[in-house]
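This report walks through one protein chain, from its helices and strands to the side-chain pairs that can be picked out in it. Please keep the sequence and the model at hand while reading.

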Amino acid sequence: EIYRWGFKPQVLFYFEVKKFGGSGPMHEFVTVDGNRISELLTDYAMAFLKEMGLSDTGEEAPAPPEAAVELGDRDPTEAEHLMATRIQSRFRGYALRRDLEYEYAAIRIQSVFRGFRQ
(Lines give C-alpha, C1' and ligand atoms only; values in the text may rest on other atoms or scores of the structure.)
Protein backbone atom coordinates (compact mmCIF):
# COMPACT_ATOMS: atom_id res chain seq x y z
CA GLU A 1 0.00 0.00 0.00
CA ILE A 2 1.11 3.52 -0.66
CA TYR A 3 1.56 5.24 2.69
CA ARG A 4 2.13 8.79 1.47
CA TRP A 5 3.35 10.66 -1.58
CA GLY A 6 4.64 14.05 -2.59
CA PHE A 7 6.92 15.94 -4.92
CA LYS A 8 9.74 18.43 -5.11
CA PRO A 9 8.77 21.03 -7.75
CA GLN A 10 10.47 20.48 -11.10
CA VAL A 11 12.72 17.80 -9.53
CA LEU A 12 11.00 14.54 -8.53
CA PHE A 13 7.95 12.63 -7.38
CA TYR A 14 8.14 10.21 -4.44
CA PHE A 15 5.97 7.78 -2.53
CA GLU A 16 6.45 5.75 0.60
CA VAL A 17 5.18 2.20 0.96
CA LYS A 18 3.40 1.21 4.16
CA LYS A 19 4.87 -1.69 6.10
CA PHE A 20 3.55 -3.45 9.15
CA GLY A 21 4.39 -1.34 12.16
CA GLY A 22 5.23 1.86 10.33
CA SER A 23 6.53 3.38 7.17
CA GLY A 24 8.57 1.50 4.63
CA PRO A 25 10.92 2.30 1.77
CA MET A 26 10.61 5.55 -0.16
CA HIS A 27 10.69 5.42 -3.95
CA GLU A 28 11.76 8.52 -5.88
CA PHE A 29 11.22 9.20 -9.57
CA VAL A 30 13.02 12.06 -11.28
CA THR A 31 10.40 14.03 -13.22
CA VAL A 32 9.36 17.62 -13.78
CA ASP A 33 5.67 16.56 -13.54
CA GLY A 34 5.75 15.49 -9.89
CA ASN A 35 3.01 17.94 -8.93
CA ARG A 36 0.66 16.57 -11.61
CA ILE A 37 1.27 12.99 -10.49
CA SER A 38 0.68 13.98 -6.88
CA GLU A 39 -2.58 15.76 -7.78
CA LEU A 40 -3.80 12.71 -9.71
CA LEU A 41 -3.07 10.39 -6.79
CA THR A 42 -4.84 12.78 -4.40
CA ASP A 43 -7.90 12.92 -6.68
CA TYR A 44 -7.91 9.13 -6.95
CA ALA A 45 -7.65 8.72 -3.17
CA MET A 46 -10.50 11.18 -2.56
CA ALA A 47 -12.72 9.41 -5.11
CA PHE A 48 -11.90 6.07 -3.49
CA LEU A 49 -12.86 7.42 -0.05
CA LYS A 50 -16.11 8.78 -1.43
CA GLU A 51 -16.87 5.42 -3.06
CA MET A 52 -16.26 3.68 0.26
CA GLY A 53 -18.71 6.05 1.93
CA LEU A 54 -16.11 8.03 3.87
CA SER A 55 -15.41 11.74 3.78
CA ASP A 56 -11.92 13.21 3.53
CA THR A 57 -11.93 13.61 7.33
CA GLY A 58 -12.48 9.86 7.83
CA GLU A 59 -16.10 10.21 8.98
CA GLU A 60 -18.85 8.21 7.40
CA ALA A 61 -20.72 10.07 4.71
CA PRO A 62 -24.52 10.13 4.92
CA ALA A 63 -26.17 7.04 3.47
CA PRO A 64 -27.67 7.38 0.00
CA PRO A 65 -31.47 7.77 -0.13
CA GLU A 66 -32.04 4.24 -1.47
CA ALA A 67 -30.55 2.75 1.71
CA ALA A 68 -33.33 4.36 3.73
CA VAL A 69 -36.02 2.30 1.99
CA GLU A 70 -37.52 -0.28 4.31
CA LEU A 71 -37.99 -3.70 2.74
CA GLY A 72 -40.86 -4.53 5.08
CA ASP A 73 -43.16 -2.10 3.29
CA ARG A 74 -42.82 -3.92 -0.02
CA ASP A 75 -44.40 -7.10 -1.32
CA PRO A 76 -42.09 -10.16 -1.21
CA THR A 77 -41.39 -10.24 -4.95
CA GLU A 78 -40.41 -6.58 -5.07
CA ALA A 79 -38.27 -6.95 -1.94
CA GLU A 80 -36.46 -9.98 -3.40
CA HIS A 81 -35.88 -8.11 -6.64
CA LEU A 82 -34.48 -5.11 -4.75
CA MET A 83 -32.18 -7.33 -2.65
CA ALA A 84 -30.95 -9.19 -5.75
CA THR A 85 -30.26 -5.87 -7.47
CA ARG A 86 -28.26 -4.64 -4.47
CA ILE A 87 -26.22 -7.85 -4.31
CA GLN A 88 -25.49 -7.65 -8.04
CA SER A 89 -24.46 -4.01 -7.85
CA ARG A 90 -22.15 -4.68 -4.91
CA PHE A 91 -20.54 -7.63 -6.67
CA ARG A 92 -20.09 -5.66 -9.89
CA GLY A 93 -18.53 -2.81 -7.92
CA TYR A 94 -16.17 -5.26 -6.21
CA ALA A 95 -15.23 -6.89 -9.52
CA LEU A 96 -14.59 -3.51 -11.13
CA ARG A 97 -12.40 -2.33 -8.24
CA ARG A 98 -10.46 -5.61 -8.32
CA ASP A 99 -9.92 -5.39 -12.09
CA LEU A 100 -8.86 -1.75 -11.83
CA GLU A 101 -6.40 -2.66 -9.09
CA TYR A 102 -4.81 -5.27 -11.36
CA GLU A 103 -4.68 -2.79 -14.23
CA TYR A 104 -3.13 -0.08 -12.03
CA ALA A 105 -0.56 -2.58 -10.77
CA ALA A 106 0.42 -3.40 -14.34
CA ILE A 107 0.67 0.31 -15.16
CA ARG A 108 2.84 0.90 -12.08
CA ILE A 109 5.16 -1.93 -13.07
CA GLN A 110 5.43 -0.55 -16.61
CA SER A 111 6.11 2.99 -15.39
CA VAL A 112 8.77 1.83 -12.94
CA PHE A 113 10.44 -0.21 -15.69
CA ARG A 114 10.35 2.70 -18.12
CA GLY A 115 11.67 5.06 -15.45
CA PHE A 116 14.66 2.83 -14.78
CA ARG A 117 15.30 2.33 -18.49
CA GLN A 118 15.64 6.03 -19.23
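Directly after helix 1 comes G53, a residue whose phi is positive, near 90 degrees. The model in which this glycine is seen is a predicted one. Helix 1 itself has 19 residues and spans 27 Å from its first C-alpha to its last, which is close to the 27 Å expected at 1.5 Å a residue.

**Overall layout**

The secondary structure of the protein comprises two helices and three strands, and from the N terminus on these elements follow the order β-β-β-α-α. Of the 118 residues in the protein, 10% are buried. When contacts between residues at least 6 apart in sequence are considered, 18% of them join residues at least 24 apart. The protein exposes about 10,000 Å², and 57% of this area is supplied by carbon and sulfur atoms.

One relation across the sequence concerns E39, which is found in helix 1. E39 and F7 are 32 residues apart in sequence, while their C-alpha atoms are 9.9 Å apart in space. With a relative accessibility of 49%, E39 counts as partly exposed, because the exposed class begins over 50%.

**The nonpolar patch**

Which residues form the nonpolar patch on the surface? The patch is formed by Y44, F48, M52, L96, L100, Y104 and I107, which together have about 630 Å² of accessible area. Helix 1, covering residues 34-52, and helix 2, covering residues 76-117, each supply at least two residues of the nonpolar patch. Helix 2 gives the most to the patch, with four residues. Y104, one of the patch residues, has its place in helix 2 and counts as partly exposed at 30% relative accessibility.

**Salt bridges**

The structure holds three salt bridges, and the table sets out the closest approach of nitrogen and oxygen in each pair.

| Salt bridge | Closest N to O distance |
|---|---|
| E16 and R4 | 2.6 Å |
| R36 and D33 | 3.9 Å |
| D99 and R98 | 3.5 Å |

E16 forms its salt bridge with R4, with the closest N and O atoms 2.6 Å apart. This pair links distant parts of the chain, since E16 lies in strand 2 (residues 12-19) and R4 in strand 1 (residues 2-8), 12 residues apart. Is E16 buried or exposed? E16 counts as buried because its relative accessibility is 4%, and buried means under 20%. Its partner R4 is partly exposed, with a relative accessible area of 45%.

In the salt bridge between R36 and D33, the closest N and O atoms are 3.9 Å apart, a distance that still meets the criterion of within 4 Å. R36 is exposed, with a relative accessible area of 53%, whereas D33 counts as partly exposed at 32% relative accessibility.

The side chains of D99 and R98 meet in a salt bridge with an N to O distance of 3.5 Å. D99 is partly exposed, having a relative accessible area of 41%, and R98 also counts as partly exposed, at 30% relative accessibility.

**Aromatic pairs**

How many aromatic pairs does a search of the whole structure find? The search finds four aromatic pairs. One of them is formed by F13 and F15, whose rings are tilted, with 6.4 Å centre to centre and 45 degrees between the planes. Both of these residues are buried, as F13 has a relative accessibility of 5% and F15 has one of 16%.

F15 also forms an aromatic pair with F29, and in this case the rings are stacked, at 5.8 Å centre to centre and with 20 degrees between the planes. The pair links distant parts of the chain, with F15 in strand 2 and F29 in strand 3 (residues 22-30), 14 residues apart. Why does the pair of F15 and F29 count as stacked? The angle between its planes is 20 degrees, and planes under 30 degrees apart count as stacked. Taken together, F13, F15 and F29 form one aromatic cluster.

Key: Residues numbered from 1 in each chain as written. Predicted model: local features only at pLDDT ≥ 70, side-chain atom pairs only at ≥ 80, totals over all residues. Heavy atoms only, no water. Buried < 20%, exposed > 50% of the residue type's maximum accessible area, 1.4 Å probe, protein only. Contact = heavy atoms within 4.5 Å. Areas by Shrake-Rupley, 256 points an atom, 1.4 Å probe, with all protein chains shown as cover. Patch = residues over 30% accessible without salt bridge, like charges linked within 9 Å, V, L, I, M, F, W, Y side chains within 5 Å. Phe/Tyr/Trp six-rings, centres within 6.5 Å; stacked < 30°, edge-to-face > 60°. Expected span 1.5 Å × (residues − 1).
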